[in-house]
Amino acid sequence: MKILVSGGGTGGHIYPAIALIRHLVKQDDSVECLYIGTENGLESTIVPKEGIPLKTVKISGFKRKVSLDNVKTVVRFLRAVKQSKTYIKEFKPDVVIGTGGYVCGPVVYAAAKLNIPTIIHEQNSVPGLTNKFLAKYASKVAISFPDSAHYFPKDKIVMTGNPRASEVVKMVHPKGKPRLQELGLSPEKKTVLVVGGSRGAKPINDAIMETLHHWKTKNYQCLYVTGDAHYEKVKEKIEQQEEAIDQLVCVPYIHDMPAVLHEVDLLVARAGATTLAEITALGLPSILIPSPYVTNNHQEKNARSLEKEAAAKVVLEKDTTPDKLMNEIDTILENDQAWSAMKDAALKLGKPDAAEDMAKLIKEVRGGAS
Ligand SMILES: CC(=O)N[C@H]1[C@@H](OP(=O)(O)OP(=O)(O)OC[C@H]2O[C@@H](n3ccc(=O)[nH]c3=O)[C@H](O)[C@@H]2O)O[C@H](CO)[C@@H](O)[C@@H]1O
């Protein structure tokens, strides 16, 4: 079987695609895959590292306001459709899958026009523009939150969850906390992982910078992921502190996040959908600070659907003061009962079989191919 996958821009669209590819190849090593992304998206570094062949198209996103840029985007879209058709005719995939981000627009559209079965995967509770556009052309729409169902044609929806959840939960993780030790943290102490999504988040970094003096007084520790672009500035600020903060280790990016997630006790993060799929599959308690800068405020909706089930605490960015943040961390980490209750509630929302459910859906649409 040949599978063409496209999705990109940020980790939240790329890791589910990679998790799905890994699952399919593990099931059947004769499965061949091709990935289509852009040169500038995070996929151009992540996908080749996975040994997955990558082709690129040039595309940009639509602006919501009327603008000359949108005319250029239409021209680029049509060129990218043509380019995608060339790749598709060369590779001859049985099924084409889009996991979100601008790039999968022309790819899935081109495949549908060539009568190849297509699936789009929506990670969020509110779909992005690309998936809303593609829903009309795709054979099936795989969703991760029940709330997103009413944006798509009823007869196309399948609730699968996010394949990255399966990858994280099913990985074999060694006992002890080897990754934390490698990073210079204690395996004995509870650990808070702070991460601002796959590209980092300046407002979260600013908030953490204000909490530095608090960490020295705590009996738990912090693994703080700044995002590549923010690392140097943050590191410099931390080094300027009068006293070294042994309880806090700062890194630009984590390439083996599933392993790290197995070793931490609490996550403080944005509310990107793939992160939420990972932590619910693992039952990891969290404090979520949704990005208010995303389309239709979808991160808050993602986060609220966990909070509604007591599986996470939501703190809006505008309310994120250092004291508030540290108090919320204390409330969860210093009360074993509260921590366990949040863990159990998160686990109930997890979809550990998502990759297999996507694999079944692929077989189904392939079987129905004309
Ligand atoms: C600003 C923006 O538009 N963000 C969107 C983007 O988020 P973004 O890509 O930031 O967020 P997600 O939280 O969904 O996914 C991040 C992924 O990157 C991984 N990771 C992160 C940091 C790190 O150091 N190493 C690492 O591997 C995480 O484990 C996760 O697998 O796509 C998500 C999924 O559609 C959306 O919900 C988000 O709203």
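# Notebook: ligand shell, domains and core

I started with the shell around the ligand, where α1, α11 (273-282) and α12 (298-307) each supply at least two residues. I kept in mind that this is a predicted model.

**Entry 1. Ligand shell.**
I looked up which residues come nearest to the ligand. Of the 26 residues around it, T10, G11, G12, G197 and G272 do. I then sorted the shell by class. It has 8 nonpolar, 15 polar and 3 charged residues. Next I asked myself why the ligand shell lies between the domains. Domain 1 (2-162 + 353-367) and domain 2 (170-349) both give residues to the shell, so it lies between them.

**Entry 2. The two domains.**
I checked the bounds. Domain 1 is made of two stretches, 2-162 and 353-367, and domain 2 covers 170-349. Their C-alpha centres lie 29 Å apart. I looked up the contacts next. On the domain 1 side 17 residues take part, and they meet 12 residues of domain 2. Helix α1 (residues 11-27) gives the largest share of the domain 1 side, 4 residues. That side divides into 6 nonpolar, 10 polar and 1 charged. I noted that α1 also belongs to the helices that supply the ligand shell.

**Entry 3. Nonpolar core.**
I went to the largest nonpolar core, which has 101 residues. Which residues have the most contacts inside this core? They are V5, V108, I119, V194 and L288. I found α1 again here: it gives the most to this core, with 8 residues. Domain 1 (2-162 + 353-367) and domain 2 (170-349) both contribute residues, so this core lies between them.

I followed V5 further. Leaving out residues up to four places away in sequence, V5 touches A17, L20, I21, C33, Y35, I97 and T99.

**Entry 4. Strand β1.**
I turned to strand β1 (residues 2-6). Of its 5 residues, 4 are buried, so β1 is largely enclosed by the rest of the structure. I looked up its pairing with strand β2 (residues 32-37). The two run parallel and are joined over 5 bridges. For S6, the bridge partner in β2 is I36.

**Entry 5. Open sheet.**
I traced an open sheet of 6 strands. The order is β10-β9-β8-β11-β12-β13, and the pairing is parallel. I wanted to know which strands stand at the edges. They are β10 (248-251) and β13 (313-314); each has a single partner strand, so one side of each is left without a neighbour in the sheet.

I then took a pair from inside the order. Strand β11 (residues 266-269) and strand β12 (residues 286-288) run parallel, and 3 bridges join them. A269 has L288 of β12 as its bridge partner. I had already met L288 among the residues with the most contacts inside the largest core.

**Entry 6. Helix α6.**
I checked whether helix α6 (residues 163-170) is covered. Mostly, yes: 7 of its 8 residues are buried. Those are P163, R164, A165, S166, E167, V168 and V169. What do the buried residues of α6 pack against? I found α1, α10 (257-261), α11 and α15 (354-367). So far α1 has come up in the ligand shell, in the domain contacts and in the core.

**Entry 7. Three loop residues.**
I finished with the loops.

I found K216 in the loop between α8 (202-215) and β9 (221-225). Is K216 buried or exposed? It is partly exposed, with 13 other C-beta atoms within 10 Å. Leaving aside its neighbours within four places in sequence, I listed its contacts as E243, I245 and Q247. I looked at Q247 more closely. K216 and Q247 are 31 residues apart in sequence, and their C-alpha atoms are 6.6 Å apart in space.

I looked up K92 next. It sits in the loop between α3 (68-91) and β4 (95-98). Its phi is positive, about 55°, although K92 is not a glycine. K92 is exposed, with 12 other C-beta atoms within 10 Å.

My last stop was A310, in the loop between α12 and β13. A310 has a positive phi as well, near 65°, and is a residue other than glycine. I counted A310 as partly exposed, with 14 other C-beta atoms within 10 Å. The helix before this loop, α12, supplies residues of the ligand shell. The strand after it, β13, is one of the edge strands of the open sheet.

How values were computed
Residues are numbered from 1 along each chain as its sequence is written. This is a predicted model: local features need pLDDT of at least 70, side-chain atom pairs count only at pLDDT 80 or more; totals for chains, interfaces and linings use all residues. Two strands pair if DSSP finds at least two bridges between them. Domain bounds come from an automatic or database domain assignment. Two residues are in contact if their C-beta atoms, placed from the backbone, lie within 7 Å. Ala, Val, Leu, Ile, Met, Phe, Trp, Tyr, Cys and Pro count as nonpolar, Asp, Glu, Lys and Arg as charged, and the others, Gly among them, as polar. A residue is near a molecule or strand if its C-beta atom, placed from the backbone, lies within 6 Å of it. A nonpolar core is a set of buried Ala, Val, Leu, Ile, Met, Phe, Trp, Tyr and Cys residues joined through C-beta atoms within 7 Å. A residue is buried if 20 or more other C-beta atoms lie within 10 Å of its own, exposed if 12 or fewer, and partly exposed in between; C-beta atoms are placed from the backbone.
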